[in-house]
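Got the viewer open? Let's take a walk through this one together, one selection at a time.

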Amino acid sequence: MSAWGRIVKVPAAQHGPCPGRNAATQHLIDPELCSACQSCLAVCPEQAIVAQDRRVAIDPQLCRFCRTCVEECPSGAIDVWHPVTNGEIYDLDQQFDWERLP
């Protein structure tokens, strides 16, 4: 099965809704914009940001939407509120396989 077929289901209460919206969301790092400086990794209070082979991704199980990484990112690569449907979020393996955001 390709990386695009792997979906992790997380209850919306655990993952967290976007303030002011009904849909669940997740922070994603755009690999086309990310310079792999890892400044986001250094400031994340939840240690939710993972680096692997010059790629950086946000662990949806650990991210609490504090936005510290968004403010720190010099390239604006972190998508603040990427909507997901029915609680289906992108896991770390999927994020590391991307050349661009889905």
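What follows is a series of stops, each with something to select and a note on what is there.

**Stop 1: colour by confidence.** Keep in mind that this is a predicted model. The protein chain has a mean pLDDT of 78, with 75% of its residues at 70 or more. Confidence is lowest in strand β1, residues 8-9, where the mean is 38. For the other end of the scale, pick helix α2, residues 39-43, where the mean is 95, the highest in the chain. Now select residues 1-22: pLDDT stays under 50 there, and the model has 43 contacts beyond four places in sequence for this stretch.

**Stop 2: a hairpin.** Select residues 49-52 and 55-58, which are strands β3 and β4. They run antiparallel and are joined by four bridges. Zoom in on glutamine 52, and you'll find its bridge partner in β4, arginine 55. Two residues sit between the strands of this hairpin, and aspartate 53 in the turn has a positive phi of about 50°.

**Stop 3: glutamine 95.** From the hairpin, hop over to helix α4, residues 92-97, and click on glutamine 95. Is this residue buried or exposed? Glutamine 95 counts as buried, at 6% relative accessibility. Show its side chain: one of its polar atoms lies 3.0 Å from the backbone oxygen of isoleucine 58. Leaving out residues up to four places away in sequence, glutamine 95 touches several others, among them Gln26, Leu28, Arg55 and Tyr90.

**Stop 4: the aromatic pair.** That last neighbour, Tyr90, leads us on. A search of the whole structure turns up one aromatic pair. Select tyrosine 90 and tryptophan 98: their ring centres are 5.1 Å apart and their planes sit at 75°, so the pair is edge-to-face. Tyrosine 90 is buried, with a relative accessible area of 18%. Tryptophan 98 counts as buried too, at 1%.

**Stop 5: the cysteines.** How many disulfides does a search of the whole structure find? The search finds zero. Take cysteine 40, for instance: the nearest cysteine sulfur belongs to cysteine 34 and is 6.3 Å away. Cysteine 40 is buried, with a relative accessible area of 8%. Next, try cysteine 63. Its closest cysteine sulfur, in cysteine 69, is 6.2 Å away, which is too far for a bond. Cysteine 63 also counts as buried, at 10% relative accessibility.

**Stop 6: positive phi in the loops.** Some background first: most residues other than glycine have a negative phi. Select alanine 36, in the loop between β2 (25-29) and α2. Its phi is near 60°, a positive value in a residue other than glycine. Alanine 36 counts as buried, at 13% relative accessibility. Now move to the loop between β4 and α3 and pick phenylalanine 65. This residue has a positive phi of about 60° although it is not a glycine. Phenylalanine 65 is buried, with a relative accessible area of 13%.

**Stop 7: glycine 76.** For the last selection, go to the loop between α3 (68-72) and β5 (78-83), where glycine 76 lies. Glycine 76 is partly exposed, with a relative accessible area of 48%. Add aspartate 30 to your selection and draw a line between the two C-alpha atoms: they are separated by 8.6 Å, while the residues are 46 apart along the chain.

Terms used
Residues numbered from 1 in each chain as written. Predicted model: local features only at pLDDT ≥ 70, side-chain atom pairs only at ≥ 80, totals over all residues. Heavy atoms only, no water. pLDDT = per-residue confidence, 0-100. Contact = heavy atoms within 4.5 Å. Phe/Tyr/Trp six-rings, centres within 6.5 Å; stacked < 30°, edge-to-face > 60°. Buried < 20%, exposed > 50% of the residue type's maximum accessible area, 1.4 Å probe, protein only. Disulfide = S-S within 2.5 Å. Pairing = 2+ DSSP bridges. Polar contact = N/O pair within 3.5 Å; in protein donor to acceptor, adjacent residues only side chain to side chain.
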